[in-house]
Structure formats: structure tokens, C-alpha cells
Amino acid sequence: QVQLVESGGGLVQPGGSLGLSCAASGSILSIGTMAWHRQAPGKERELVARIDSGGSPNYADSVKGRFTISRDNVQNTVYLQMNSLKPGDTAVYYCHAWGLGTNYRPLEVWGQGTLVTVSS
């Protein structure tokens with residue numbers, strides 16, 4: 001069994017910064033691409049950023065220049081540093097990872113979600 005445990009959500013004022021982290025644990029042989037998605041109230045879940053095992057990132061246009069995704073391959077952890085936050089960034093943020101389990105089967109795992117609220 002593989003789990004993703006997120007941390008770091010909370011309330012922040014517009015223009016502020018917040019960092020999220022997500023650690024994978026369990027029967028993992030390797031972790032490939034890791035990503036952050038978000039879902040705002042009444043909206044569909046959308047991809048925010050992803051990073052491959054080599055560290056190459058991709059970002060949604062809405063967060064480019066403000067958010068930074070990074071990872072620690074030793075700790076199987078992915079981070080999302082969010083700067084210049086806007087009320088429109090308010091959402092539940094979900095961690096998502098693909099990899100290979102110790103049973104040599106592909107795995108795809110979602111975190112439980114962490115709420116980020118941007119409000120004055």
C-alpha cells in the first residue's frame with residue numbers, strides 16, 4: 001500500500017506565500033512524475049504543476065512565475081512553493097504521483113487534499 005501525505009495548507013492573505021509538501025510512503029520501488037492539482041468550490045479539478053523524476057517542471061499558465069514545484073527523490077517528497085497568492089488560488093490542493101510498487105506493478109496515488117484559503 002502506498003500513501004501520499006500532504007501538509008502545509010492554511011489561510012493566507014492576498015500577496016502572501018505558502019508552502020505545501022507531500023511525502024510518499026509505503027511499498028514503493030520508484031516514484032516517477034509527481035504533481036499538484038487543485039479544485040476550487042464549484043469547479044473541476046485542474047493541474048497546477050508537475051515534475052518528472054529528472055526534475056523538469058511544467059506549470060499551468062495561471063501559476064507560472066508565482067508557484068515553484070520541486071522534489072526530493074531520496075525522501076519521495078514533492079513541494080509546492082506558492083508566492084503572490086490571489087483569492088483565485090483558493091482551493092483544495094491534491095498531490096498526485098505515479099510510480100512502481102515493490103510488486104513491480106504501476107501505481108497511481110492521490111493525497112487526501114489540503115485546503116488553501118487566500119483571503120484578507
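# A chat about the sheets, core and loops

Me: Hi! I'm new to this one. In what order do the strands of the open four-stranded sheet come?
Reply: Welcome! This is a predicted model, and its open sheet of four strands runs in the order S1-S3-S8-S7, with antiparallel pairing.

Me: Which strands stand at the edges?
Reply: Strand S1 (2-7) and strand S7 (67-72) do. Each has a single partner strand, so one side of each is left without a neighbour in the sheet.

Me: And what does the twist average from one strand to the next?
Reply: The average is 15° from one strand to the next.

Me: Let's start at one edge. Over how many bridges do S1 and S3 pair?
Reply: Six bridges, in the antiparallel sense, with S3 covering residues 18-26. Leu-4 has Ala-24 in S3 as its bridge partner, and Ser-7 stands opposite Ser-21 in that strand.

Me: Which side chains of S1 point to which face?
Reply: They alternate along the strand. Val-2, Leu-4 and Glu-6 point to one face and are buried, whereas Gln-3, Val-5 and Ser-7 point to the other and are not buried.

Me: Is that a general pattern? I mean, what do side chains do in a regular strand?
Reply: In a regular strand, side chains alternate between the two faces of the sheet.

Me: OK, over to the other edge. Which side chains of S7 are buried?
Reply: Phe-67, Ile-69 and Arg-71 are buried and point to one face. Thr-68, Ser-70 and Asp-72 point to the other face and are not buried.

Me: How is S7 joined to S8?
Reply: By six bridges, with the two strands running antiparallel; S8 is residues 77-82. One of the facing pairs is Thr-68 with its bridge partner Gln-81 in S8. S7 and S8 also form a hairpin with four residues between them, and Asn-76 in the turn has a positive phi of about 50°.

Me: Now the inside. Which residues touch the most other members of the largest nonpolar core?
Reply: That core has 31 residues, and the ones touching the most other members are Trp-36, Val-48, Phe-67, Val-78, Leu-80, Met-82 and Tyr-93.

Me: Tell me about Val-48. Where is it found, and is it buried or exposed?
Reply: Val-48 is in strand S5, residues 46-51. With a relative accessible area of 1%, Val-48 is buried, because buried means under 20%.

Me: What does Val-48 touch, leaving out residues up to four places away in sequence?
Reply: Its contacts include Trp-36, Tyr-59, Phe-67, Leu-80 and Tyr-93. Val-48 and Tyr-59 are 11 residues apart in sequence and 6.0 Å apart in space, C-alpha to C-alpha.

Me: And what about Phe-67, with the same residues left out?
Reply: Phe-67 touches Val-48, Tyr-59, Leu-80, Met-82 and Tyr-93, among others.

Me: Lots of aromatics there! How many aromatic pairs does the structure hold?
Reply: Zero. There is a charge over rings, though: the charged end of Arg-45 sits over the ring of Tyr-94, 3.7 Å from its centre. The charged end of Arg-45 also sits over the ring of Trp-110, 4.7 Å from its centre.

Me: Back to strands. How do S4 and S5 pair?
Reply: In the antiparallel sense, over five bridges. Arg-38 has Glu-46 in S5 as its bridge partner. S4 and S5 form a hairpin with six residues between them, where Gly-42 in the turn has a positive phi of about 80°.

Me: How many bridges pair S4 with S9?
Reply: Nine, again antiparallel. His-37 has Tyr-94 in S9 as its bridge partner.

Me: Where does Glu-44 lie, and is it buried or exposed?
Reply: Glu-44 lies in the loop between strand S4 (28-39) and S5. At 72% relative accessibility, Glu-44 counts as exposed. Apart from neighbours within four places in sequence, Glu-44 is in contact with Arg-38 and Gln-39.

Me: Last topic: phi. What sign does it have in most residues other than glycine?
Reply: Negative. Here, Ser-84 has a positive phi of about 50° although it is not a glycine. Ser-84 is in the loop between S8 and strand S9 (91-101), and is partly exposed at 41% relative accessible area.

Me: And what is phi of Tyr-104?
Reply: Near 65°, a positive value in a residue other than glycine. Tyr-104 lies in the loop between S9 and strand S10 (106-110), and is exposed, with a relative accessible area of 60%.

Technical notes. Residues are numbered from 1 along each chain as its sequence is written. This is a predicted model: local features need pLDDT of at least 70, side-chain atom pairs count only at pLDDT 80 or more; totals for chains, interfaces and linings use all residues. Side-chain values use heavy atoms; hydrogens and water are left out. A nonpolar core is a set of buried Ala, Val, Leu, Ile, Met, Phe, Trp, Tyr and Cys residues joined through side-chain atoms within 4.5 Å. Buried means under 20% relative accessible area, exposed over 50%, partly exposed in between (1.4 Å probe, protein chains only). Contact means heavy atoms within 4.5 Å. Two strands pair if DSSP finds at least two bridges between them. Axes are lines fitted to C-alpha atoms, for helices over the stretch in contact, and angles run from 0 to 180 degrees between N-to-C directions. Rings of Phe, Tyr and Trp (its six-membered ring) pair if their centres lie within 6.5 Å; planes under 30 degrees apart count as stacked, over 60 as edge-to-face and the rest as tilted. A charge sits over a ring if NZ of Lys or CZ of Arg is within 6 Å of the ring centre and within 35 degrees of the ring normal.
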